[in-house]
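Hello,

Here is the structure I promised to pass on to you. Have a look at it first, and then read my notes below with the picture open beside them.

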Amino acid sequence: MPIETLSLVPKSEVALSAKDFKSDQEVRWCPGCGDYAILAAVQGFMPELGLAKENIVFVSGIGCSSRFPYYMNTYGMHSIHGRAPAIATGLASSRRDLSVWVVTGDGDALSIGGNHLIHALRRNVNLKILLFNNRIYGLTKGQYSPTSEVGKITKSTPMGSLDTPFNPVSLALGAGASFVARTVDSDRRHLTSVLRQAAEHPGTALVEIYQNCNIFNDGAFEALKDRQQAEEAVIRLEHGQPIRFGADRAKGVVRDPRTGDLEVVAVTPENEAQILVHDAHSTSPTTAFALSRLAGPTGHGEAGLHHTPIGVFHDVERPAYDALMADQLDTAVEQNGKGDLALLLAGNDTWTVEDSS
């Protein structure tokens, strides 16, 4: 069923399948890379949009993930390092008949591209940003990235990283993003569900995807993928449902009345009523931010994955930048008539300098 919120983008006249979104280019990632799983999920999901391929655009920056546009049978642009959100902002603002997607990595988005990312989020441009997070620089062969854990041994940090890592979900919420989610490359069902909700959102949607780099950071998210470990580590967020997890859902998340922080507890008859009910649509991002910190660094050299929430943290509606800009342009035309570029360039704030010699 086509997603109705993309009403300005022309619908496809024929039914499409995942095969229609596969380009003729050889997919060139390392065997076993998590990018393959994400690509397959996106190609499988695209037909749900009900859009013509020529009305979909993928814009990427630099990095392993940024080869993505080559493999999608849509329009696309492999742009420059960190600038994909800026380029996509211009495209989405000027061509509202397009569905614009950004593919980026933790290094591309959060290092050289950090400034562009936060401004796209605060502006609420109608973009869908897929941030592949493997906690390493893969394309340049294994240096530490802005999301690598403290103490991480890499080629560029042989004695261990000293940097406190970014938490992409926390960063997005702090920047005022209207939609923020997290998922995992190997969980096809969950990944597709999150993509579907992001596509339905009118405005900027940021989806962090934990993605395994099996060459330079293999097993970074094993605690979330191993069936036995994941049962105790993964907290699946569902709007309107109590935040419970673990074997027999025996653990839950409550708010400490003294500090306001969130903490994980064993659920008992005495505290069951205190278990938080997830509200992704709360206008305040406070609780969503607190949830994002549950999986924060837990110590020197530790990845901090125990108690990792996945799902949609925050999903609120506010005016999209491109719609507001279009309204301003329409108003200007109504008030002043058709624009005159020559008049604009030589208007009242210009002077003619005469030669008095």
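Among the contacts between residues at least 6 apart in sequence, 68% join residues at least 24 apart. Please keep in mind that this is a predicted model. The protein has twelve helices and eleven strands, and 47% of its 357 residues count as buried. Its C-alpha atoms fill a box of roughly 85 × 60 × 45 Å along the principal axes. Does the overall size agree or disagree with a compact globule? It agrees, because a compact globule of 357 residues would have a radius of gyration near 21 Å and the protein has 23 Å. The exposed surface comes to about 18,000 Å², with carbon and sulfur atoms supplying 52% of it.

A good place to start looking is strand E4, residues 127-133. Seven of its seven residues are buried. In a regular strand, side chains alternate between the two faces of the sheet. You can follow this in E4: Leu 127, Ile 129, Leu 131 and Asn 133 lie on one side, with Lys 128, Leu 130 and Phe 132 on the other, and both faces are covered.

Which strands pair with E4 in the parallel sense? One is E3, over six bridges, and here Trp 101 stands opposite Lys 128 of E4. Another is E6, which runs parallel to E4 and is joined to it by six bridges; Asn 133 has Tyr 210 in E6 as its bridge partner.

From E6 (residues 205-210) you can step across to E5, as six bridges join these parallel strands. In this pairing, Arg 182 stands opposite Glu 208 of E6. To get from E5 to E6, the chain passes through helix H7 (residues 188-200), making a right-handed β-α-β crossover.

Strand E5 covers residues 179-184, and six of its six residues are buried. Phe 179, Ala 181 and Thr 183 point one way, while Val 180, Arg 182 and Val 184 point the other way. E5 also pairs with strand E11 (residues 308-315), this time in the antiparallel sense over four bridges. There, Phe 179 stands opposite Asp 315 in E11.

Just after that strand, in the loop between E5 and H7, you will find Ser 186. Is Ser 186 buried or partly exposed? Its relative accessible area is 49%, so it counts as partly exposed. Its C-alpha atom is separated by 13 Å from that of Glu 208, which is 22 residues away along the chain.

Now for the inside of the protein. The largest nonpolar core has 36 residues, and those touching the most other members are Leu 117, Leu 121, Leu 127, Leu 206, Val 253 and Leu 291. Elements giving two or more residues to this core include strand E1 (56-60), helix H3 (84-94), H5 and E4. Leu 117 is a nice one to click on: leaving out residues up to four places away in sequence, it touches Pro 85, Ala 109, Leu 110, Ile 129, Leu 131, Leu 171 and Leu 206. Another core lies apart from this one and has 33 residues, among them Trp 29, Phe 179, Ala 198 and Val 312.

There is also an open sheet of three strands, in the order E8-E9-E10, with antiparallel pairing. Strands E8 (244-245) and E10 (262-266) stand at the edges with a single partner strand each, so one side of each has no neighbour in the sheet. E8 and E9 (residues 251-255) are paired over two bridges, and Arg 244 has Gly 252 in E9 as its bridge partner.

Finally, two residues have a backbone angle to look at. Asn 124 has a positive phi of about 65° although it is not a glycine, and it lies in the loop between helix H5 and strand E4. Asn 124 is buried, because its relative accessible area is 0%. Lys 141 also has a positive phi, near 80°, and is a residue other than glycine. Lys 141 lies in the loop between E4 and helix H6 (168-174). With a relative accessible area of 45%, Lys 141 is partly exposed.

Enjoy exploring, and write back with any questions!

Best wishes

Definitions and conventions. Residues are numbered from 1 along each chain as its sequence is written. This is a predicted model: local features need pLDDT of at least 70, side-chain atom pairs count only at pLDDT 80 or more; totals for chains, interfaces and linings use all residues. Side-chain values use heavy atoms; hydrogens and water are left out. Buried means under 20% relative accessible area, exposed over 50%, partly exposed in between (1.4 Å probe, protein chains only). Two strands pair if DSSP finds at least two bridges between them. A crossover is right-handed if, with the strands pointing away from the viewer, the path from the first strand over the helix to the second runs clockwise. The radius of gyration is taken over C-alpha atoms; the globule rule is 2.2 Å times the number of residues to the power 0.38. Contact means heavy atoms within 4.5 Å. Accessible areas come from the Shrake-Rupley method with a 1.4 Å probe; for residues, only the protein chains shown count as cover. A nonpolar core is a set of buried Ala, Val, Leu, Ile, Met, Phe, Trp, Tyr and Cys residues joined through side-chain atoms within 4.5 Å.
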